[in-house]
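Got your viewer open? Here's a walk through one model, stop by stop, with something to select at each.

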Amino acid sequence: MSRFFSNKYAHLTPYTPGEQPRDRRYIKLNTNESPFPPSPKALERAAAAAENLQLYSDPTALALKQKLAQCSGVQPEQVFCSNGSDEVLYFAFLAYCDKNTPAAFPDISYGFYKVFAQFTGIDYTMIPLQEDYSIREEDYFSLGKTIFIANPNAPTGKLLTLAQIERILQNNPSNVVLIDEAYIDFGGESAVKLVDRYDNLLVTQTFSKSRSLAGGRLGMAFGNAKLIQDLETVKFSINPYNVNSVTMAAGIGALEDEEYTRKNCGIIMENRAYTAKKLEEMGFTVLPSFANFLFASPPGGDGGSLYKALKDKGILVRYFDATRLREFVRITIGTRQQMDALLEATSQILEETP
Ligand code: PMP
């Protein structure tokens, strides 16, 4: 830290992204990326857009909003586009939280919620998950706080039903409830269809997982037009050109090829069921997952040792050294070949372990 760094940030613990080592080629199952390349339509549109990079991108993101609205059954005014969904989460902390309206989120969830709360100086409450790692909806009723819930949750993969989400919305009429649907395309039911009925609902999604555009950094939010206007006010006060033109074009291309996305999600879900079954046969405890990852605990419950042993064998998974998490590893679902390599390596490690 330099002697010039603002006191405001002196005690900040930034988010730690999943490692991206370059020392050797790994089978990367640690950051929930898609194992498939972007749709050819996304690449084609991105290449065409790159020819006009001398121009600023459209700060209103109109063409992308129109396409997203059409694909999601909402109006363009109900859509916000961002530089990854991390950015819209950050904007939501700025827009809907303050001294009188702190934040609430599960104690085990996406690590960035806590970082954004600390960075923006917002008080926050972390609500413990139940014994089985699920969210108890009643714990989120009438909190007087802005609520952040990942659905499916990360890193557990567990899903709330739309009926549960509706009850949380109904019991917080004076507060925003943000549902982070980064992983919704892998078997969950989206809350986007509720945005006309609940003016306190904001749903965020991303192109990083099901649409194979993690490096493009494209996210979005759906909500009541007034909520979206608030996000626009924040965005136009920070970075009007937040989504670059190549990414915007790639996003439109990906949406023109929803068949490709659906097919890939189908393969991931098949591979998820296959991998979960094989891990269970080896004695793992595997939480039921609706995401493109599995949260799995090896026999003996030492996630850290398994993580290290897999890394030595060239396979990266994610390990969280924290209470209630260190018994597990989080494994991104990749191709069948990648999963077979993971299963083979895991089986060897279990055999080698006394
Ligand atoms: N929400 C959750 C629950 C996530 O796991 C992630 C991925 N790290 C994000 C949001 C952010 O994804 P992105 O910024 O790539 O859209």
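The tour begins at the ligand and then moves out to the loops and a few pairs worth a distance label.

Before you click anything, keep in mind that this is a predicted model.

**Stop 1: the ligand and its shell**

Select the ligand first. You'll find it sitting in the largest pocket. Now bring up the residues around it: Gly-84, Ser-85, Asp-86, Tyr-110, Asp-180, Ala-182, Tyr-183, Thr-206, Ser-208, Lys-209 and Arg-217. Color that shell by residue class and you get 3 nonpolar, 4 polar and 4 charged.

Which helix gives the most to this shell? Select helix H3, residues 84–96, which supplies 3 residues.

**Stop 2: contacts with the ligand**

Stay zoomed in and show N and O atoms. Begin with Ser-208, where a polar side-chain atom is 2.6 Å from a ligand oxygen. Next comes Asp-86; here it's a backbone N or O atom, 3.0 Å from an oxygen of the ligand. Then go to Tyr-110, whose side chain places a polar atom 3.2 Å from a ligand nitrogen. Switch to a surface view to see how covered the ligand is: on its own it would expose 410 Å², and the protein buries 91% of that.

**Stop 3: Arg-217, still in the shell**

Keep Arg-217 selected, since it is one of the residues surrounding the ligand. Look along its backbone: phi is positive, about 60 degrees, although Arg-217 isn't a glycine. It lies in the loop between strand E7 (201–206) and strand E8 (219–223). Is Arg-217 buried or partly exposed? It counts as partly exposed, because its relative accessible area is 29%.

**Stop 4: Ala-61, another positive phi**

Jump to the loop between helix H1 (40–50) and helix H2 (62–72), and pick Ala-61. This residue has a positive phi of about 50 degrees, again without being a glycine. Ala-61 is buried, so expect little of it on the surface: its relative accessible area is 3%.

**Stop 5: two cis peptide bonds in one loop**

Go to the loop between strand E5 (146–150) and helix H5 (162–170), where Pro-152 is found. The peptide bond joining Asn-151 and Pro-152 is cis, with omega at about -5 degrees. Now slide along to Pro-155, which is also in the loop between E5 and H5. A cis peptide bond links Ala-154 to Pro-155 too, and omega there is about 5 degrees.

**Stop 6: Glu-258 and its partner**

Select helix H8, residues 258–281, and find Glu-258 in it. Show side chains: Glu-258 makes a polar contact with the side chain of Arg-211, at 3.3 Å. Then add Ser-39 to the selection. How far apart are the C-alpha atoms of Glu-258 and Ser-39? They're separated by 9.1 Å, with their positions 219 residues apart along the chain.

**Stop 7: Gln-205 in strand E7**

Head to strand E7 and pick out Gln-205. Gln-205 counts as buried because its relative accessible area is 9%, and the cut-off for buried is under 20%. Draw a C-alpha distance from Gln-205 to Ala-42, which is 163 residues away along the chain, and the label should read 18 Å.

**Stop 8: two buried loop residues**

Leu-194 is next, in the loop between strand E6 (177–180) and E7. At 3% relative accessibility, Leu-194 is buried. Label its C-alpha distance to Lys-209: these two are 15 residues apart along the chain, and 23 Å separates them. You've already met Lys-209, as it is among the residues surrounding the ligand.

Finish at Ala-291, in the loop between strand E9 (285–286) and strand E10 (293–297). Ala-291 has 0% relative accessibility, so it counts as buried. For a last distance label, connect the C-alpha atoms of Ala-291 and Phe-91: they are 200 residues apart in sequence and 24 Å apart in space.

Key:
Residues are numbered from 1 along each chain as its sequence is written. This is a predicted model: local features need pLDDT of at least 70, side-chain atom pairs count only at pLDDT 80 or more; totals for chains, interfaces and linings use all residues. Side-chain values use heavy atoms; hydrogens and water are left out. A residue is near a molecule or strand if one of its heavy atoms lies within 4 Å of it. A polar contact is a pair of N or O atoms within 3.5 Å; within protein, one must be able to donate a hydrogen and the other to accept it, and residues adjacent in sequence count only if both atoms are side-chain atoms. Accessible areas come from the Shrake-Rupley method with a 1.4 Å probe; for residues, only the protein chains shown count as cover. On a 1 Å grid over the protein atoms alone, a cavity is a set of points where a 1.4 Å probe fits but cannot get out, and a pocket is an open set with protein on both sides within 12 Å along at least five of seven lines; lining residues have an atom within 4 Å of a point. A molecule sits in a cavity or pocket if more than half of its atoms lie within 2 Å of its grid points. Helices (H or I, at least four residues) and strands (E, at least two) are DSSP runs, numbered from the N terminus. Ala, Val, Leu, Ile, Met, Phe, Trp, Tyr, Cys and Pro count as nonpolar, Asp, Glu, Lys and Arg as charged, and the others, Gly among them, as polar. Buried means under 20% relative accessible area, exposed over 50%, partly exposed in between (1.4 Å probe, protein chains only).
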